[in-house]
Every structure is written in C-alpha cells, then in structure tokens.
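User: Please take a close look at a single part of this structure, and then follow what surrounds it into the rest of the chain. I would like one connected account, with the cut-offs behind each term.

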Amino acid sequence: MSEPAPRLADHDLAALVDEWLDWDAAGELLGVTPAKVRTMVRDHQLAAAVPGPGRPPMVPALFIDDEGLPVKGLPGLLTLMHDSGFDDRECIAWIFLDADLPGRPIDALRENRGTEVKRRAQALAL
C-alpha cells in the first residue's frame, strides 16, 4: 500500500516558498502600511503563515506582482479556498505545490492562467 499524501497543513512551507516578506517589506512593495497588510491578509487578498519555528507570520513574495499588487486571481482563489474550509497555511501549501497543473498554481496565477487554478481549487472542496 502506498503512503497517504501528506495533509496540506503538514507541508514544510519554508521548503515550498523561496522568499518570504514580513509585514513591513510586504507593505513597502504594496505601497501600504504594515497594518494594511494585516487587513489584506484578514480579508483574503493575501495569505500569511509562519514559515518556520521562531519566525513571525509572513507573506510569500510571489503573492505580490511586479506592479505592487496582489497577483491577479489570488484574492478570489484565497476566498474560494477559505470558504471551503482551508486556512492560510493550507492555501499557501497548495498554491506552492506542483500538483496537477503544469507547474505550481502560483506560477499559473502569475502567468494569467487563473481559471484553471480556480477550477482545480473548487475540485479540492468536493
């Protein structure tokens, strides 16, 4: 019998995500205050998690595009996943795992292929 796949919450986020931003750095890229970054996380425009022991909650750098905005499609995807019962840590793990898409969901979002990502995320909830 094969090993069951690890739960999303059990993945090592530090191994999945290369670059993390603290509230100050994320705010600087977005042109907002660190408090606004926290609000954006609470409102599911961004997601944050503790990448490792002893570290504060942080936002994956790839969640912010080159124009200083949340990646197109990310807020809708996060809302969809939260409505399906996933927390930020599980959302981040799924978005950075190379699952069924050609490449990771974060790469598809950054390449404006969000429709396929959302369709696969909806299937997760079933």
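Analyst: Arg 38 is partly exposed, with a relative accessibility of 42%, on a scale where buried means under 20% relative accessible area, exposed means over 50% and partly exposed lies in between (1.4 Å probe, protein chains only). The model is a predicted one, in which local features need pLDDT of at least 70 and side-chain atom pairs count only at pLDDT 80 or more, while totals for chains, interfaces and linings use all residues. Residues are numbered from 1 along each chain as its sequence is written, and side-chain values use heavy atoms, with hydrogens and water left out.

Arg 38 belongs to helix α3, where helices (H or I, at least four residues) and strands (E, at least two) are DSSP runs numbered from the N terminus. The C-alpha atom of Arg 38 is separated by 24 Å from that of Gly 114, which is 76 residues away along the chain. Helix α3, residues 34–42, is in turn one of the elements that cover the buried residues of α2, together with β1 (20–21) and β2 among others; contact here means heavy atoms within 4.5 Å.

Helix α2 is the part to look at closely. Within its span, residues 23–30, the buried positions are Trp 23, Ala 26, Gly 27 and Leu 30. Seen down the helix axis, these residues fall within an arc of 100°, so they line one face of α2, the arc being that of the directions from the helix axis to the C-beta atoms. The general background is that an α-helix has 3.6 residues a turn, so residues three or four places apart point the same way. On the face turned away from the buried side, α2 carries Asp 24 and Glu 28, both exposed.

Both ends of this helix have a feature to note. At the N-terminal end, Asp 22 acts as the cap, with a side-chain oxygen 3.1 Å from the backbone nitrogen of Asp 24; a polar contact is a pair of N or O atoms within 3.5 Å, and within protein one must be able to donate a hydrogen and the other to accept it, with residues adjacent in sequence counting only if both atoms are side-chain atoms. Just after α2 comes Gly 31, with a positive phi of about 75°.

The UniProt record, in an unreviewed entry, lists residues 19–64 as "domain: DNA-binding protein Rv2175c wHTH"; positions follow the numbering used here, feature names are shortened, and such annotations may be inferred rather than shown by experiment. That span is 37% helix and 9% strand, and its end C-alpha atoms lie 11 Å apart.

Beyond β2, the loop that leads to α4 contains Val 71, which is buried at 2% relative accessibility. Not counting residues up to four places away in sequence, Val 71 touches Leu 62, Phe 63, Ile 64, Asp 65, Leu 109 and Arg 110. Phe 63, one of these partners, is itself buried, with a relative accessible area of 0%.

Phe 63 also leads to the ring contacts, for the structure holds one aromatic pair. The ring centres of Phe 63 and Phe 96 are 5.7 Å apart and their planes stand at 35°, so the pair is tilted; rings of Phe, Tyr and Trp (its six-membered ring) pair if their centres lie within 6.5 Å, with planes under 30 degrees apart called stacked, over 60 edge-to-face and the rest tilted. The pair links distant parts of the chain, since Phe 63 sits in the loop between β2 (59–60) and α4 (74–83), and Phe 96, 33 residues away, in helix α5 (residues 88–96). Phe 96 is buried too, at 3% relative accessibility.

Helix α4 has Leu 74, Leu 77, Leu 78, Met 81 and His 82 as its buried residues, and these fall within an arc of 130° seen down the axis, so they line one face of the helix. Among the elements covering them are α5, α6 (105–110) and α7 (114–124). After α4 comes Gly 85, whose phi is positive, near 100°. Gly 85 is in contact with Glu 90, which also contacts Leu 8 and Ala 9 when neighbours within four places in sequence are left aside. Glu 90 lies in helix α5 and counts as buried at 17% relative accessibility.
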